[in-house]
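Please open the structure in your viewer and keep the sequence beside it. The tour below goes from the whole chain to single residues, with a selection to make at each stop.

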Amino acid sequence: MSSNPIQAELSFAPMHVRHVPLIGTIERRNYDFAWSDGIFRDCIKAGYICQRVLLDDDVIGYGIMQIGADEAHILNLCIDQPWQRQGFARLLLEHLVQQAGAHRAQMIFLEVRPSNPRAVELYQRSGFNEIGLRKAYYDSHQGREDALVMARSLSTNMSDVMRH
Ligand SMILES: CC(C)(COP(=O)(O)OP(=O)(O)OC[C@H]1O[C@@H](n2cnc3c(N)ncnc32)[C@H](O)[C@@H]1OP(=O)(O)O)[C@@H](O)C(=O)NCCC(=O)NCCS
């Protein structure tokens, strides 16, 4: 229970197919080139980690992550506009990092548009490094846009622990 009675409670919960219409509405509000509802349904059916971010009972964002052999790939991360700039994306990212670690991933990858400095800064401040570029990866209003590929190692902490 919160020590501050007026503070809303943040939590994470799985996304199911029944949640997709609302998630799709948030997606279209926040991206110029939004995922279709079908992509979200496919991610859920494929068993990807699909998490909703709840502030009390309101859905304020979501994250989608694919886990491979020993790698995780963040495919979508969004906090709805009214709740941005309050640290929620950072918390969502840390939640996904923890889930990736729990699945024994050693590395987490993601792609981000260079034209999205808020997202690039979020990832940099959360320990992701730029490791490459995927040419013409995204649709854009001026043809195609490259993607920055960013990665964060999860094994560093583990080797630190093992050294002690
Ligand atoms: C990018 C996005 C996820 C950030 O969400 P958010 O909840 O506002 O981010 P946070 O409040 O957790 O901010 C964490 C860090 O992100 C960066 N950031 C967030 N908003 C920013 C802004 N308006 N300007 C510059 N940096 C910003 C900062 O580094 C910030 O750290 P700080 O608060 O110490 O300055 C959100 O704007 C969003 O969902 N946008 C639409 C979808 C999208 O672009 N997703 C990313 C696709 S790769």
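Helices (H or I, at least four residues) and strands (E, at least two) are taken here as DSSP runs, numbered from the N terminus. What you see is a predicted model, in which local features need pLDDT of at least 70 and side-chain atom pairs count only at pLDDT 80 or more, while totals for chains, interfaces and linings use all residues. Residues are numbered from 1 along each chain as its sequence is written, and side-chain values use heavy atoms, with hydrogens and water left out.

**The whole chain**

Begin with a cartoon view of the protein chain and follow the elements from the N terminus, where the order reads β-α-α-β-β-β-α-β-α-β-β-α, which comes to five helices and seven strands. The radius of gyration, taken over C-alpha atoms, is 16 Å for the protein chain, close to the 15 Å that the globule rule gives for 164 residues, so the chain is as compact as a globular protein of that length; the rule itself is 2.2 Å times the number of residues to the power 0.38. Along the principal axes, the C-alpha atoms fill a box of roughly 50 × 45 × 30 Å.

Buried residues (under 20% relative accessible area, with exposed meaning over 50% and partly exposed in between, for a 1.4 Å probe and protein chains only) make up 40% of the 164 residues. If you draw contacts, meaning heavy atoms within 4.5 Å, then among those between residues at least 6 apart in sequence, 60% join residues at least 24 apart.

**The largest nonpolar core**

In soluble globular proteins, nonpolar side chains tend to be buried together. A nonpolar core is here a set of buried Ala, Val, Leu, Ile, Met, Phe, Trp, Tyr and Cys residues joined through side-chain atoms within 4.5 Å. Select Ile74, Leu77, Ile108, Val112, Tyr123 and Phe128, which touch the most other members of the largest such core, a set of 28 residues. Elements that give two or more residues to this core include β3 (58–67), β4 (71–79), α3 (88–102) and β5 (107–112), and α3 gives the most, with seven residues.

Now centre the view on Ile108, whose contacts beyond four places in sequence include Ala72, Ile74, Val97, Phe128 and Met150.

**The other core and Phe40**

Apart from the largest core lies another, of 15 residues, among them Ala13, Phe40, Cys43 and Tyr62. Select Phe40 in helix α2 (residues 37–45), which is buried, with a relative accessible area of 0%. Leaving aside neighbours within four places in sequence, Phe40 is in contact with Met15, Val20, Ile23, Glu27, Trp35, Tyr62, Ile64 and Asn76.

**Helix α4 and strand β7**

Move next to helix α4, where you can select Leu122, which counts as buried at 16% relative accessibility. Outside its neighbours within four places, Leu122 is in contact with Leu77, Ala89, Arg90 and Leu93. Arg125 lies in helix α4 too, but at 56% relative accessibility Arg125 counts as exposed. The C-alpha atoms of Arg125 and Arg90, 35 residues apart along the chain, are separated by 8.8 Å.

Finish at Glu145, found in strand β7: is this residue buried or exposed? At 14% relative accessibility, Glu145 counts as buried. Beyond four places in sequence, Glu145 touches Arg113, Pro114, Ser115, Ala136, Tyr137, Tyr138 and Ser140.
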